[in-house]
Each structure stands twice: as structure tokens, then as C-alpha cells.
Amino acid sequence: LIVGDGAERVAVGEAAASLLGPRSVLTGAVEDMSAAYWALDALLVTSSTEGMPGVALEAAMAGVPIVSTDVGAMSWLLEQGVRGSVVGEATPPMIAQSLDGLDASHDRRGSGKRFQWAPVVDQWQRLIEELAV
């Protein structure tokens with residue numbers, strides 16, 4: 001399952017189709033990712049220029065394991081009890097090795113309780129109120 005859109009969508013779609021055939025699904029951009037998170041075995045964050053990707057926080061809340069490059073705050077996030085690993089560089093062999101190390105049988109129900117929106121929203125609200133004064 002490949003969710004999202006961008007300049008490389010056609011190339012990614014062709015590569016996925018040639019490697020995986022009908023097992024590959026490209027959705028394009030979606031409004032609500034909640035159903036997609038439950039369909040994922042892992043989230044790959046292969047960027048070299050991220051701070052704290054919102055998609056990683058959302059995946060963590062859904063209990064999805066994450067394999068990420070060592071970018072921005074991803075190392076910190078994965079140290080906070082989120083299952084997954086950080087790779088030094090986003091090469092296919094490094095990512096594949098990290099994916100092989102994930103426990104696919106993990107029961108995700110409730111595993112994302114540490115990352116909830118309510119505390120985040122409260123903190124943002126306080127910050128906005130402080131800045132607005």
C-alpha cells in the first residue's frame with residue numbers, strides 16, 4: 001500500500017507493479033489516513049529533510065512500526081517506545097534489513113496510547129494563547 005502523491009508517483013507505481021504485481025496498491029492522496037494505518041505493516045520515512053513528520057506521529061498513535069532515516073526528531077520518537085528502527089541511510093538493503101527485523105505478529109491494539117492528540121492540542125493551545133498576548 002503506497003499512499004500519497006508527488007512527482008515520482010508514476011515511476012513508483014510502475015516499479016511497484018513490476019515487483020509486486022497486483023499486490024501493490026497506490027491510493028494517491030487521501031484525506032483520512034486512519035484506515036490506511038490499520039492496513040500497514042510498517043511506515044517508511046526515507047526523507048533526508050524532515051523535522052518531525054506528522055505521518056510518523058499519526059502512525060505511532062496507531063501503533064504502526066516505523067523504519068526511518070536518522071533525520072530530524074525521528075531518533076527521539078523511536079526512543080519513546082515506538083516500535084521500529086532508524087537507518088543510517090535510505091538504501092534499499094538498509095531498509096530491507098530493518099523491515100526484516102520488525103515483529104509482524106505484534107498486536108497493535110492500544111500500543112499507541114503514549115501518543116495521543118489531546119495533550120498535543122492542549123500544549124499548542126497554551127502556546128498560541130501565550131503568543132497572542
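Which residues in helix 3 are buried? They are Ala56, Ala59, Ala60 and Met61. This is a predicted model. The briefing starts with a sheet of 3 strands, moves to the helices beside that sheet, and ends with the largest pocket, whose volume is about 1,600 Å³.

**The sheet**

- The sheet is open, its 3 strands follow the order 3-4-5, and the pairing is parallel.
- Strand 3 (43–45) and strand 5 (84–87) form the edges, each pairing on one side only.
- On average, neighbouring strands of this sheet are turned by 10° against each other, direction ignored.
- Strands of a sheet pair through backbone hydrogen bonds, and the pairing is either parallel or antiparallel.
- Strand 4 covers residues 66–69 and runs parallel to strand 5, with 4 bridges joining the two.
- One residue pair can be named here: Ile66 has Gly84 in strand 5 as its bridge partner.

**Helix 3**

- Helix 3 spans residues 54–61 and lies across strand 3 and strand 4.
- The direction of helix 3 runs at about 155° to strand 3.
- Just after helix 3 comes Gly63, with a positive phi of about 80°.

**Helix 5 against the sheet**

- Helix 5 packs on the sheet and touches strand 3, strand 4 and strand 5.
- The direction of helix 5 makes about 160° with that of strand 5.
- Ala96 is part of helix 5, which covers residues 92–100.
- Ala96 counts as partly exposed because its relative accessibility is 35%.
- Ala96 and Val67 are 29 residues apart in sequence, yet their C-alpha atoms are 9.5 Å apart in space.
- Ser98 also belongs to helix 5.
- Ser98 has 14% relative accessibility, so this residue counts as buried.
- Leaving aside residues up to four places away in sequence, Ser98 touches Val67, Ser85 and Val87.
- With Ser85, Ser98 also makes a polar contact: their side chains are joined at 3.3 Å.

**The loop after helix 5**

- Leu102 sits in the loop between helix 5 and helix 6 (117–132).
- Is Leu102 buried or exposed? Its relative accessibility is 19%, so Leu102 counts as buried; the cut-off for buried is under 20%.
- Leu102 touches Ala42, Pro65, Val67 and Gly84, with residues up to four places away in sequence not counted.
- Val67 is therefore a contact of Leu102 as well as of Ser98, with buried status given by 19% for Leu102 and 14% for Ser98.
- Leu102 and Ser85 are 17 residues apart along the chain, and 8.6 Å separates their C-alpha atoms.

**The largest pocket**

- The largest pocket holds about 1,600 Å³ of space.
- Its lining has 46 residues, and those nearest the centre are Leu1, Ile2, Ala42, Leu43 and Leu44.
- Among these, Ala42 is also touched by Leu102.
- Which elements each supply at least two residues of the lining? They are strand 1 (2–3), helix 1 (9–20), helix 2 (34–39), strand 3, helix 3 and helix 5.
- Helix 1 gives the most to this lining, with 6 residues.
- Strand 3 thus appears twice in this account: as an edge of the sheet and as a contributor to the lining of the largest pocket.

Note on methods: Residues are numbered from 1 along each chain as its sequence is written. This is a predicted model: local features need pLDDT of at least 70, side-chain atom pairs count only at pLDDT 80 or more; totals for chains, interfaces and linings use all residues. Side-chain values use heavy atoms; hydrogens and water are left out. Buried means under 20% relative accessible area, exposed over 50%, partly exposed in between (1.4 Å probe, protein chains only). A polar contact is a pair of N or O atoms within 3.5 Å; within protein, one must be able to donate a hydrogen and the other to accept it, and residues adjacent in sequence count only if both atoms are side-chain atoms. Contact means heavy atoms within 4.5 Å. Two strands pair if DSSP finds at least two bridges between them. Axes are lines fitted to C-alpha atoms, for helices over the stretch in contact, and angles run from 0 to 180 degrees between N-to-C directions. On a 1 Å grid over the protein atoms alone, a cavity is a set of points where a 1.4 Å probe fits but cannot get out, and a pocket is an open set with protein on both sides within 12 Å along at least five of seven lines; lining residues have an atom within 4 Å of a point. Grid points are joined across faces, edges and corners, and a volume is the space filled by probe spheres set on the points.
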